[in-house]
Amino acid sequence: MTQRHRTTAATVVVGLVIAGGHFLGAGSAYADDVKPSVPPGTEPSAAAPVPIDSNAPGLKIPQGGTLAPVKVLDIAEVVEDLGGEQRRQETNQTVMMALQSEVLFPENSAVFNAQAAARIQAIANEINTQKATRIRVFGFTDDQGSYEHGKELSKQRADAVQAELAKTVTNPGVIYDVRGYSEDYPIADNSTEEGRKKNRRVEITFPRSVGN
């Protein structure tokens with residue numbers, strides 16, 4: 001892998017439940033037409049803290065009062081190689097791997113190129129290490145062409161990645177959620193080719209196991 005650029009940011013723990021989503025077990029994959037509010041990894045960060053007067057009487061703990069339980073912030077660490085071909089976002093709870101479509105598929109195609117299988121198998125091996133039982137595979141395109149074509153293509157690519165993952169993921173009861181979002185939820189500017197290239201991607205998200 002090429003030289004990497006590392007960025008670390010703190011974000012508030014955000015629920016990863018997908019509105020309207022459904023799951024099937026035993027290695028099955030399912031998708032429906034109900035969108036989550038945002039895909040995982042694109043949630044807004046916490047708002048700026050409100051200024052506080054340290055002398056305000058309301059800050060004093062009343063007699064007999066106790067402090068609320070400690071709340072741990074979810075720390076997001078993002079690693080992206082200089083070419084942007086692969087992006088890894090890791091928090092205390094989840095791992096998300098985003099692969100640019102160009103490193104997996106020929107242009108406007110959902111058929112793998114020669115290098116795709118090895119990249120996906122490496123992710124599947126990490127899923128096995130993490131003992132993950134639920135895996136999200138989301139496909140995205142840029143804003144070129146029709147929305148409907150992008151939705152079909154992004155779903156076909158997500159399906160292809162899920163099928164390849166299933167060849168290596170060893171847990172027979174793993175649950176997949178496979179979706180195609182077309183040009184929705186861009187992560188870069190669609191007005192430039194560099195940005196569009198980043199938006200054409202497949203994201204694989206799975207939970208971290210306890211202790212890893």
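**Close-up 1. The enclosed cavity of the predicted model.** In this predicted model, a search of the whole structure finds one cavity of 30 Å³ or more, and the largest cavity has a volume of about 60 Å³. Its lining is made up of 11 residues, and those that lie nearest the centre of the cavity are Gly84, Arg87, Gln100, Ile187 and Lys198. Strands E4 and E5 each supply at least two residues of this lining, with E5 giving the most, namely three residues. Sorted by class, the residues around the cavity comprise five charged, three polar and three nonpolar ones.

**Close-up 2. The largest pocket and the residues around it.** The largest pocket holds about 290 Å³ of space. It is lined by 15 residues, among which Glu107, Asn108, Asp142, Leu153 and Arg200 are the closest to the centre of the pocket. Seven residues of this lining are polar, five are charged and three are nonpolar. Arg200, one of the residues closest to the pocket centre, is buried, with a relative accessible area of 13%, and it appears again in the next view.

**Close-up 3. Arg200 and a network of salt bridges.** Arg200 forms a salt bridge with Glu193, in which the closest N and O atoms are 2.8 Å apart. Whereas Arg200 is buried at a relative accessible area of 13%, Glu193 is partly exposed, its own relative accessible area being 42%. Through salt bridges that share partners, Glu193 and Arg200 are joined with Glu102, Asp142 and Arg196 into one network. Of these, Asp142 is also listed, like Arg200, among the residues closest to the centre of the largest pocket. In the structure as a whole, the search finds 12 salt bridges.

**Close-up 4. Glu90 with its partners Arg88 and Arg208.** Glu90 forms a salt bridge with Arg88, the closest N and O atoms being 3.0 Å apart, and both of these residues are buried. Glu90 also forms a salt bridge with Arg208, for which the closest N and O atoms are 2.0 Å apart. Because Glu90 belongs to strand E4 (residues 86–90) and Arg208 to the segment after E8, this second pair ties together parts that are 118 residues apart in sequence. The relative accessible area of Glu90 is 17%, which makes this residue buried, while Arg208, at 21%, is partly exposed; the boundary between the two descriptions is set at 20%.

**Close-up 5. The largest nonpolar core.** In soluble globular proteins, nonpolar side chains tend to be buried together. Here the largest nonpolar core contains 25 residues, and those touching the most other members are Leu104, Ile127, Ile135, Val161 and Leu165. Two or more residues of this core come from each of the strands E5 (94–100), E6 (134–140), E7 (175–180) and E8 (201–207), and likewise from the helices H1 (116–130) and H2 (147–168). Helix H1 gives the most to the core, with five residues.

**Close-up 6. The surroundings of Leu104.** Leu104 is one of the residues that touch the most other members of the largest nonpolar core. When its neighbours within four places in sequence are left aside, Leu104 is in contact with Leu99, Val111, Phe112, Asn113, Ala116, Arg119, Ile120, Val161 and Val202. Val161, which is included among these contacts, is likewise one of the core residues that touch the most other members.

Notes. Residues are numbered from 1 along each chain as its sequence is written. This is a predicted model: local features need pLDDT of at least 70, side-chain atom pairs count only at pLDDT 80 or more; totals for chains, interfaces and linings use all residues. Side-chain values use heavy atoms; hydrogens and water are left out. On a 1 Å grid over the protein atoms alone, a cavity is a set of points where a 1.4 Å probe fits but cannot get out, and a pocket is an open set with protein on both sides within 12 Å along at least five of seven lines; lining residues have an atom within 4 Å of a point. Grid points are joined across faces, edges and corners, and a volume is the space filled by probe spheres set on the points. Ala, Val, Leu, Ile, Met, Phe, Trp, Tyr, Cys and Pro count as nonpolar, Asp, Glu, Lys and Arg as charged, and the others, Gly among them, as polar. A nonpolar core is a set of buried Ala, Val, Leu, Ile, Met, Phe, Trp, Tyr and Cys residues joined through side-chain atoms within 4.5 Å. Buried means under 20% relative accessible area, exposed over 50%, partly exposed in between (1.4 Å probe, protein chains only). Helices (H or I, at least four residues) and strands (E, at least two) are DSSP runs, numbered from the N terminus. Contact means heavy atoms within 4.5 Å. A salt bridge is a side-chain nitrogen of Lys or Arg within 4 Å of a carboxyl oxygen of Asp or Glu.
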